[in-house]
Amino acid sequence: MAVGTARDHGRREQRGGGVNSGRFSDIRSGPWLLPGHDGRLLAYALVDQTVLRWTEAHPGGPDWLGPDAVPAPDVTRLAVVQGGNRYAHLLGRRVREERGGRLAVDFVYSIQYQAGRPMTEWMSVGSPQTKQSPSERTGLPAAAVNTAGILHVFAPTADGRMVLRREDAKGRWEPWLDLKVTAALDTPAAVATSAGHVELLAPGRTGALMWYQRKPGAALERGHDLSVAVLPGSATGLETSPGRVTWYLTDMRNGGIVAVRAGEWPIPLGGDPGDGRHAALATVLDGHPCTVLAHRDAEGRVVLGVCPAEDERNGVWWSDAGTACVGDPVLALDARGRVVALAVTPDGDLMLARQTDARGLVLGDWISI
């Protein structure tokens, strides 16, 4: 299976005219890349308490509009998730100074319903603070939107708990719910499946802590922990077959990438990843269901991997994607079903590469948007 860049294969993707570009030296969170309701891709990044948003001018590109700037006062970190209705949910970790100089942390969110349209005002999700768990030590959240459009917000607390707040069927927030652990570390990862179930993985002191739902909308239950030492912030979940989630993460015991599914042993994938999150995407290549992976390696390069869906044991084809990056690269499918990779270069450029018509996975040249 071919995997690489157009330059590797003697091909070049032409850049369209009218592309807006810029340099962003202080991206605090992101980027993210999502398909909008009309097929146009949306890119987001958090820069200096401002959400920047780019929108494809036409489905499939190549031109982009923006960036549009949306103030995000006191928001220091951001997560962007999407449900089946393709609404974009932006979840921010907000840090404000209280009397006496103490810091208070809570969560806020905003929704973009349609590509190119304004976002809603920021709304508060609140804080899971308790006397034993001061809010300034509340960790980075994860979020998922199930098939009913219900947003689930997960957050680790200072005392190792994992808490959940979600909307009810009428869109009202339920109280914070303690998921009954005391060994959770920072930066969980959540997935909503096409069957309506939500699953959660959290790095723990002795392994990966797991939760699942028996049916859509039910309470989350503890699953069997996974025997991997998850690097906090590295885990990504992907629905690799209907209702079945594969987790891709960095195992701190050996420094390599592993794939793991409930009830199975972890599968080593090799690689030399950096300290960021892995991107994972399900697509069809040459008529076969495949998984595409991306990460920033230890040398700061974007690396792509391809394997048949749920067949990681037979090997992953890894390739240098042709650019250095900071932060985490991300993946999405455009309106024509082509794989699109997005990354921020060390110079602060937001760069994009799109799959060409070559067999396998071959990316065109990286262009600034």
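Begin by selecting Arg-222 and Trp-211 in this predicted model: Arg-222 lies over the face of Trp-211, at 5.1 Å from the ring centre. The distance falls inside the 6 Å limit within which CZ of Arg is taken to sit over a ring.

Turn next to contacts between rings, of which a search of the whole structure finds three aromatic pairs; two of them are visited here. A pair of aromatic rings is described by the distance of the centres and the angle of the planes.

Select Tyr-87 and Tyr-113, whose ring centres are 4.7 Å apart and whose planes stand at 85 degrees, so the arrangement is edge-to-face, given that angles over 60 degrees are assigned to that class. Colouring by secondary structure will place Tyr-87 in the loop between β6 (75-82) and β7 (88-97), and Tyr-113 in the loop between β8 (103-112) and β9 (123-126), so the pair ties together parts that are 26 residues apart in sequence. If a surface is switched on, Tyr-87 is partly exposed, with a relative accessible area of 30%, and Tyr-113 is likewise partly exposed, at 40%.

Then move to Phe-107 and Trp-176, an aromatic pair with 6.3 Å from centre to centre and 50 degrees between the planes, which is classed as tilted. Here distant parts of the chain are linked, for Phe-107 belongs to strand β8 while Trp-176 is in the loop between β12 (162-166) and β13 (177-178), 69 residues apart. Which partner of this pair is buried? Phe-107 counts as buried, at 0% relative accessibility, whereas Trp-176 is partly exposed, with a relative accessible area of 22%.

Methods. Residues are numbered from 1 along each chain as its sequence is written. This is a predicted model: local features need pLDDT of at least 70, side-chain atom pairs count only at pLDDT 80 or more; totals for chains, interfaces and linings use all residues. Side-chain values use heavy atoms; hydrogens and water are left out. Rings of Phe, Tyr and Trp (its six-membered ring) pair if their centres lie within 6.5 Å; planes under 30 degrees apart count as stacked, over 60 as edge-to-face and the rest as tilted. Helices (H or I, at least four residues) and strands (E, at least two) are DSSP runs, numbered from the N terminus. Buried means under 20% relative accessible area, exposed over 50%, partly exposed in between (1.4 Å probe, protein chains only). A charge sits over a ring if NZ of Lys or CZ of Arg is within 6 Å of the ring centre and within 35 degrees of the ring normal.
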